[in-house]
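Grab the viewer and work through these short exercises. Each one sets a task and then walks through a solution.

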There are 2 protein chains.
Amino acid sequence: MDKRVANADAAIAKLQDGATILLGGFGLCGIPENLIAAVRKRGTKNLTLVSNNAGLDDFGIGLLLQTRQVKKMIATYVGENKLFEQLVLKGELEVELNPQGTMAERLRAGGAGIPAFFTPTGVGTLIAEGKEVRDFDGRPHLMERSLRGDFAFVKAWKGDRWGNLIFRKTTRNYNAVMVAAADHVIAEVEELVELGELEPDQIHTPGVYVNAIFQGVGYEKRIEKRTVRKRAEVGEAGSSATLAKTDFIARRVAEELRDGFYVNLGIGIPTLVANHIPAGMEVVLQSENGMLGVGPFPWEGEEDPDLITRERKQ
Amino acid sequence: MDKRVANADAAIAKLQDGATILLGGFGLCGIPENLIAAVRKRGTKNLTLVSNNAGLDDFGIGLLLQTRQVKKMIATYVGENKLFEQLVLKGELEVELNPQGTMAERLRAGGAGIPAFFTPTGVGTLIAEGKEVRDFDGRPHLMERSLRGDFAFVKAWKGDRWGNLIFRKTTRNYNAVMVAAADHVIAEVEELVELGELEPDQIHTPGVYVNAIFQGVGYEKRIEKRTVRKRAEVGEAGSSATLAKTDFIARRVAEELRDGFYVNLGIGIPTLVANHIPAGMEVVLQSENGMLGVGPFPWEGEEDPDLITRERKQ
């Protein structure tokens with residue numbers, strides 16, 4: 001029952017050319033940094049990678065694109081990687097794009113033994129091409145197939161030698177769903193703890209899903225678009241005249257909110273709304289990655305890479 | 001954002017005759033005792049109840065069968081309730097039986113906006129009657145429809161006024177999946193705590209799924225089949241001659257286990273195997289309700305109703 005291996009190199013000893021690998025993470029948040037580095041070092045080729053994003057040009061999955069180790073990417077958003085774009089346009093990289101919820105659900109189905117399911121998402125779009133459409137309750141739905149990997153690479157905060165895992169903040173993202181959807185699951189953790197240290201009711205992933213575990217080293221935990229709050233943005237140092245135009249819009253939008261609202265904030269100006277919630281108002285903000293309880297941008301020095309995924313471009 | 005209501009009576013003020021209610025719990029473990037009592041008191045009729053079990057003759061859902069408030073039960077196992085059997089045989093109660101995993105998945109799909117999915121479970125059995133069968137990857141699968149309720153009644157350990165919930169031990173069972181699958185979700189909790197007391201990463205159900213919450217009173221938390229360990233059973237007080245025949249079988253079966261095994265123990269003699277795991281061997285036992293990490297039967301006085309669901313009959 002001891003699933004510990006020495007390091008990432010030992011963990012991927014059985015990885016073969018042509019394998020399909022599920023990689024946890026959302027943007028650069030909660031990605032298996034050590035395992036990605038080990039695959040690059042090993043030089044395994046013709047890989048199919050399943051991941052929400054394709055990393056940056058020089059970080060995350062981007063590192064495996066540089067070395068042309070990837071044959072196909074199954075992803076939802078790949079817009080932060082110029083090399084990715086070039087490779088696709090040159091026909092050197094296949095890409096299969098999915099709506100984000102559909103991809104999460106395809107993986108979840110793969111883990112639950114469900115080969116196919118129906119979803120309203122994507123009907124009438126390019127995503128629907130070649131897929132069965134069927135009406136349920138008067139509404140058309142697409143049939144989507146499940147997704148599984150030969151391997152899943154996941155990154156957790158803490159784990160024990162049985163493979164029980166706890167994730168920190170938004171790093172749980174795809175990691176939690178991928179553990180059930182692969183034949184061989186490797187977990188890298190920031191801290192390997194003693195058996196019994198993790199409170200059973202707080203374990204996010206029971207060890208039964210994990211085949212190998214090791215404590216990673218040298219986590220960079222890069223923040224894709226670091227954005228901090230400025231005093232002027234929240235009106236503490238000046239009048240509305242000091243606000244940028246986008247903040248002015250966000251402040252006006254915030255006035256539409258009412259106590260008890262749940263509000264999903266998309267990337268861009270919407271995330272700025274979080275900076276302008278009136279004091280005393282109780283609303284719950286949801287970020288694009290699904291996390292509830294988003295607050296305003298952090299003050300300088302209070303950034304947390306396990307919480308921030310992508311922030312607005314300046 | 002304050003979802004607190006005074007009590008169960010106030011929580012079900014809008015419950016109408018003919019409603020469909022999802023009820024959390026597995027056996028008597030984690031059932032919404034206060035809400036069931038309130039429905040009985042209110043006298044609402046022609047209800048469709050979705051629950052793993054139908055309670056006992058005098059506890060849980062059984063209380064609503066006594067008063068003939070239930071038109072239909074959607075369940076997986078109803079064998080502990082004689083009144084249930086009588087009502088079905090007399091044609092006074094409709095019943096729709098589901099494989100356990102299928103029912104959990106139907107609810108999960110209902111919560112995820114998925115109207116239908118394919119599963120291999122039930123192919124070629126009575127369950128398949130009238131359902132589409134389709135091959136995926138060379139294996140026949142049934143198409144199952146999702147399940148939703150007008151209401152979901154869930155029972156949690158702790159909750160706050162935003163509706164964030166934490167469950168204790170195996171009481172999470174169906175409660176955790178039902179919260180997403182109903183139009184109006186009412187949570188009764190043993191302890192209503194202040195906002196901020198629940199650690200975000202440890203919350204099992206985010207408040208967004210919950211419409212009303214109250215602190216329940218007078219929890220009985222009955223144990224269906226209380227079974228404790230006896231000294232003789234584990235060989236501490238005697239030789240194998242003192243073992244019951246069933247324990248003798250269980251002890252022999254335990255000899256087949258090997259370090260690192262995951263073992264699912266069904267109800268009956270299999271659960272006795274847990275009493276005979278050789279010292280020093282690391283295996284993970286799974287109980288019928290899905291919980292990993294089962295141990296031997298508790299010693300007298302150490303029973304925990306949030307852990308024990310059904311135990312073997314003596």
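**Exercise 1.** Does A:Cys29 count as buried or exposed?

Solution. Start with the ground rules: this is a predicted model, where local features need pLDDT of at least 70, side-chain atom pairs count only at pLDDT 80 or more, and totals for chains, interfaces and linings use all residues. Residues are numbered from 1 along each chain as written, chains are lettered from A and ligands numbered from 1 in written order, and side-chain values use heavy atoms, without hydrogens or water. Next, the cut-offs: buried is under 20% relative accessible area, exposed is over 50%, and partly exposed lies in between (1.4 Å probe, protein chains only). A:Cys29 has 1% relative accessibility, so it counts as buried. B:Cys29 is also at 1%, so it is buried too.

**Exercise 2.** Find how many disulfides the structure holds.

Solution. Look for pairs of cysteine sulfur atoms within 2.5 Å. Over all chains, the count is zero.

**Exercise 3.** Describe the surroundings of A:Met178.

Solution. First, place it: A:Met178 sits in helix α6 (residues 173–178) of chain A, a helix being a DSSP run of H or I with at least four residues, numbered from the N terminus. Then check its exposure: at a relative accessible area of 0%, A:Met178 is buried. Now list contacts (heavy atoms within 4.5 Å). Beyond neighbours within four places in sequence, A:Met178 is in contact with residues including A:Leu22, A:Val50, A:Leu107 and A:Val154. Finally, the C-alpha atoms of A:Met178 and A:Arg148 lie 8.3 Å apart, with the two positions 30 residues apart along the chain.

Methods: Helix = DSSP H or I, 4+ residues; strand = E, 2+ residues; numbered from the N terminus.
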